[in-house]
Amino acid sequence: MKKLIPLVVLTFASMALIAEEDLIAKLDSDNDGRISIEEAAQDASLAAMFAELDTNKDGYLSPSELENQ
Ligand SMILES: [Ca+2]
Ligand SMILES: [Ca+2]
């Protein structure tokens with residue numbers, strides 16, 4: 001059963017990565033590769049965290065800012 005543990009960890013890591021890419025793909029309606037506050041408004045939980053996630057305060061969430069959450 002011990003062999004299952006790394007597999008589970010790997011699966012969760014992959015899921016987190018996919019979720020982040022999907023979030024940008026889903027919300028980035030102007031396809032500029034980043035999420036504006038207007039685009040984030042489509043996702044209530046992301047909109048609520050927007051100011052906190054936008055670490056450089058440029059008004060956009062970049063893929064790297066979403067990674068750091
Ligand atoms: Ca965008
Ligand atoms: Ca930013």
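Donors are the N, O and S atoms within 3.2 Å of a metal when that metal is Ca. With that in hand, the spacing of the donor residues of the calcium ion (ligand 1) can be read along the sequence as D-x1-D-x1-D-x1-R-x4-E. The model described here is a predicted one, and a short tour of its overall layout helps before returning to the ions.

The protein chain holds four helices and two strands. Starting from the N terminus, these elements follow the order α-β-α-α-β-α. The chain has 69 residues, of which 25% count as buried. Confidence in the prediction can be followed along the chain as well. The mean pLDDT of the protein chain is 85, with 75% of its residues reaching 70 or more. Helix α1 (residues 4-27) has the lowest confidence, at a mean of 72, while strand β1 (residues 35-36) has the highest, at 98.

The first ion to visit is the calcium ion (ligand 1). Its coordination comes from Asp 28 (OD), Asp 30 (OD), Asp 32 (OD), Arg 34 (O) and Glu 39, the last of which appears twice through OE. The distances run from 2.2 to 2.5 Å. The arrangement of the six donor atoms is irregular, because the angles they subtend at the calcium ion (ligand 1) range from 53 to 156°. Two of the aspartates here are partly exposed: Asp 30 has a relative accessibility of 48%, and Asp 32 has one of 34%.

Asp 32 and Arg 34, both among the donor residues of this ion, also meet each other through their side chains in a salt bridge, with an N to O distance of 3.2 Å. A search of the whole structure finds one salt bridge. Like Asp 32, Arg 34 counts as partly exposed, its relative accessible area being 32%. Between Asp 30 and Asp 32 in the numbering comes Asn 31, a residue of the loop between α1 and β1. Most residues other than glycine have a negative phi. Asn 31 is not a glycine, yet its phi is positive, at about 55°. Asn 31 is also exposed, with a relative accessible area of 66%.

Attention can now turn to the calcium ion (ligand 2). Its protein donors are Asp 54 (OD), Asn 56 (OD1), Asp 58 (OD), Tyr 60 (O) and Glu 65, which is listed twice through OE. They lie 2.2 to 2.4 Å from the ion. Along the chain, the donors of the calcium ion (ligand 2) are spaced D-x1-N-x1-D-x1-Y-x4-E. Here the six donor atoms subtend angles of 53 to 159°, and the arrangement is therefore irregular. Tyr 60 is partly exposed, with a relative accessible area of 26%.

Two acidic donors of this second ion are worth following further. Glu 65 belongs to helix α4 (residues 63-67) and counts as buried, because its relative accessibility is 6%. Glu 65 has no salt bridge, and the nearest side chain of opposite charge, that of Lys 57, is 8.4 Å away. A polar atom of the Glu 65 side chain does, however, lie 3.4 Å from the backbone nitrogen of Thr 55. Asp 54, in the loop between α3 and β2, is likewise buried without a salt bridge. For Asp 54 too, Lys 57 supplies the nearest side chain of opposite charge, at 6.1 Å. A polar atom of the Asp 54 side chain lies 2.7 Å from the backbone nitrogen of Gly 59.

Lys 57 itself is found in the loop between α3 (44-53) and β2 (60-61). Its phi is positive, at about 55°, although Lys 57 is not a glycine. With a relative accessible area of 60%, Lys 57 is exposed.

A last pair of residues links the two stretches of chain. Glu 38 sits in helix α2 (residues 37-40) and, at 61% relative accessibility, counts as exposed. Glu 38 and Gly 59 are 21 residues apart along the chain, and their C-alpha atoms are separated by 9.8 Å. Gly 59 is the residue whose backbone nitrogen lies 2.7 Å from a polar side-chain atom of Asp 54, and Asp 54 is in turn one of the donors of the calcium ion (ligand 2).

Conventions
Residues are numbered from 1 along each chain as its sequence is written. Chains are lettered from A and ligands numbered from 1 in the order in which they are written. This is a predicted model: local features need pLDDT of at least 70, side-chain atom pairs count only at pLDDT 80 or more; totals for chains, interfaces and linings use all residues. Side-chain values use heavy atoms; hydrogens and water are left out. Donors are N, O and S atoms within 2.8 Å of the metal (3.2 Å for Na, K and Ca); water is not among the atoms, so sites may look incomplete. Four donors count as tetrahedral if all angles lie between 85 and 135 degrees; four count as square planar and six as octahedral if opposite donors are over 155 degrees apart and all others between 65 and 115; anything else is irregular. Buried means under 20% relative accessible area, exposed over 50%, partly exposed in between (1.4 Å probe, protein chains only). pLDDT is the predictor's confidence in each residue, from 0 to 100. Lys and Arg count as positive and Asp and Glu as negative; His and the chain ends are not counted. A salt bridge is a side-chain nitrogen of Lys or Arg within 4 Å of a carboxyl oxygen of Asp or Glu. A polar contact is a pair of N or O atoms within 3.5 Å; within protein, one must be able to donate a hydrogen and the other to accept it, and residues adjacent in sequence count only if both atoms are side-chain atoms.
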